[in-house]
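Please open the structure in your viewer and keep the selection tool at hand. The tour goes from one selection to the next.

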Amino acid sequence: MSKTYYDPADLRKFGKITEWNEELGNKFFDYYGKVFEEGALTAREKSLIALAVAHTEQCPYCIDAYTKDSLQRGITKEQMMEAIHVGAAIKSGATLVHGVQMMNKVNKLDG
Amino acid sequence: MATKSLKARNNDLANTQRQMEILSNGIFADGELPTFANKIKETNQLPLRPKKLEILQINLGYMCNQVCAHCHVDAGPDRKEIMTIETMQQCLDVIKKTEAHTLDLTGGAPEMNPNFRWFVEEASKAGIKDFIVRSNLTIIRANKKYYDLPEFFKKHNVHVVSSMPHWTRGKTDKQRGDGVFDKSIKALQMLNEVGYGMEGSNLKLDLVYNPSGAFLPGDQMALENDFKKALKDDFNIDFHSLFAITNLPISRFLDYLIASENYEDYMHSLVDAYNPAAVENVMCTNTLSISWDGWLYDCDFNQMLNLKVNSKVKHISEYNEELLQDRNIIINQHCYGCTAGAGSSCQGVVA
């Protein structure tokens, strides 16, 4: 296989980032683990949020991880795709809402 | 989806020796992953030894009306292996003298054994506390002669444990065949009608969930809640508990893992999720598995890999509990499946 920037097997090595900075690495993983604990939101809801964000961040590792996590939680493919559309809507909305700034600027400059 | 067993397809993996080679070589032989033996050695649990015998699991035959994608038995309509009445009688002799409190009948579809009802009637007289029949549900709707099974189960106070891969039609049919979901729903409703699975009922109806692909089961309680809500809302179905079971990398699931290029990732997932606390309660420590032809195994999975018990006593005809209890349990890489996460057994999580 030709070399690519992303190797799926690298996801398994994620924990090794602590080897080059144990303190910060551990703090991150402690925080990360805490975030995904069952809380006011269910673990299932958090998994769907993570899946949507994984797509807006376009992180292939995160997409792999949270697709698998969603399947493990019994989440259906329809629910997964719907979550991604929520992410996509926010992403495109965030782009479009800046159109107001553009319009404001045009109106100010080209009154 | 295949409609025949690996055996009928002359698939390489119908040969258990071939399965063992795959499980022992590659990522385990080159040290990329630790062998299961080395893993449990770290916690001084090697050799794995049996505890008090609690469950006799009897496989009444590999014949089944379904050909599920992940079946570890490689069961199907083309499998003709079936327990004879003579072997059943030998099992009954053992049931009468053992202190094991649970009898667990499995298959294939155990109901397809022509002597199934006779065996249930005879075994139910033996004072077993928990009498389990593992039903694939659709058998209840497969033919008129099976329509009264719910009543028959009720009459003998059988504990029905049924496979149900998902609460949605698509996922269930993908794993177990077209039309399985609708028939399973109808069968569950029939079981409910005679009192099975209702709150407060002593007619126990439990469901078994196993993942539809190359991933591990999620939290058993969360899945149970989802199943209960969906089945109640959509079909007014009640059941007691859900057992989440991990797919072990053998037989048809191993074939699927290799064909879909998921084998190595799946084994990594199992090893990464290894939980030493689950080793303490793996089902082989309190269960004995008896095959359709009377051979004895540490568990149903070892049976399918043809790994007979490591004991002088290897067959039901020469059963001797004291000798059998003094044995080392046979392990291999597939055992990671029972020790991943919260662990896995025929009764669900173990840790």
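This is a predicted model, and the stops below cover a strand with its neighbours, then cavities, then a pocket.

**Stop 1: strand E5 of chain B**

Select residues 205-209 of chain B, which form strand E5. Is this strand mostly covered or not? It is mostly covered, with 5 of its 5 residues buried. Now show the side chains. B:Leu205, B:Leu207 and B:Tyr209 point one way from E5(B), while B:Asp206 and B:Val208 point the other way. In a regular strand the side chains alternate between the two faces of the sheet.

**Stop 2: the strands on either side**

Add residues 159-163 of chain B, strand E4, which pairs with E5(B) in the parallel sense over 4 bridges. To find a matching pair, label B:Val161 and B:Asp206, which stand opposite each other.

Next add strand E6, residues 242-244 of chain B, which runs parallel to E5(B) and is joined to it by 3 bridges. Here the pair to label is B:Val208 and B:Phe243, which stand opposite each other.

**Stop 3: the helix between two strands**

Keep E5(B) and E6(B) on screen and select residues 220-235 of chain B, helix H9. Together, E5(B), H9 and E6(B) make a right-handed β-α-β unit.

**Stop 4: the largest cavity**

How many cavities of 30 Å³ or more are there? The count comes to 3. The largest holds about 650 Å³ of space. To find it, select B:Cys71, B:His72, B:Val73, B:Ser163 and B:Arg176, which lie nearest its centre among the 32 residues of its lining. The elements that give two or more residues to this lining are strand E3 (130-135), E4, helix H7 (169-176) and helix H13 (300-304) of chain B. Coloured by class, the lining shows 13 nonpolar, 16 polar and 3 charged residues.

**Stop 5: the second largest cavity**

This cavity has a volume of about 110 Å³. Select B:Val282, B:Cys284, B:Cys299, B:Cys335 and B:Cys338, the closest to its centre of the 15 residues that line it. The lining of the second largest cavity has 12 nonpolar and 3 polar residues, and no charged ones.

**Stop 6: the second largest pocket**

About 400 Å³ of space lies in the second largest pocket. Of its 24 lining residues, select the closest to the centre: B:Thr16, B:Tyr62, B:Arg79, B:Gln303 and B:Met304. Helix H1 (16-24) and H13 of chain B are the elements that give two or more residues to this lining. By class, the pocket lining has 10 nonpolar, 8 polar and 6 charged residues.

Conventions:
Residues are numbered from 1 along each chain as its sequence is written. Chains are lettered from A and ligands numbered from 1 in the order in which they are written. This is a predicted model: local features need pLDDT of at least 70, side-chain atom pairs count only at pLDDT 80 or more; totals for chains, interfaces and linings use all residues. Side-chain values use heavy atoms; hydrogens and water are left out. Buried means under 20% relative accessible area, exposed over 50%, partly exposed in between (1.4 Å probe, protein chains only). Two strands pair if DSSP finds at least two bridges between them. A crossover is right-handed if, with the strands pointing away from the viewer, the path from the first strand over the helix to the second runs clockwise. On a 1 Å grid over the protein atoms alone, a cavity is a set of points where a 1.4 Å probe fits but cannot get out, and a pocket is an open set with protein on both sides within 12 Å along at least five of seven lines; lining residues have an atom within 4 Å of a point. Grid points are joined across faces, edges and corners, and a volume is the space filled by probe spheres set on the points. Ala, Val, Leu, Ile, Met, Phe, Trp, Tyr, Cys and Pro count as nonpolar, Asp, Glu, Lys and Arg as charged, and the others, Gly among them, as polar.
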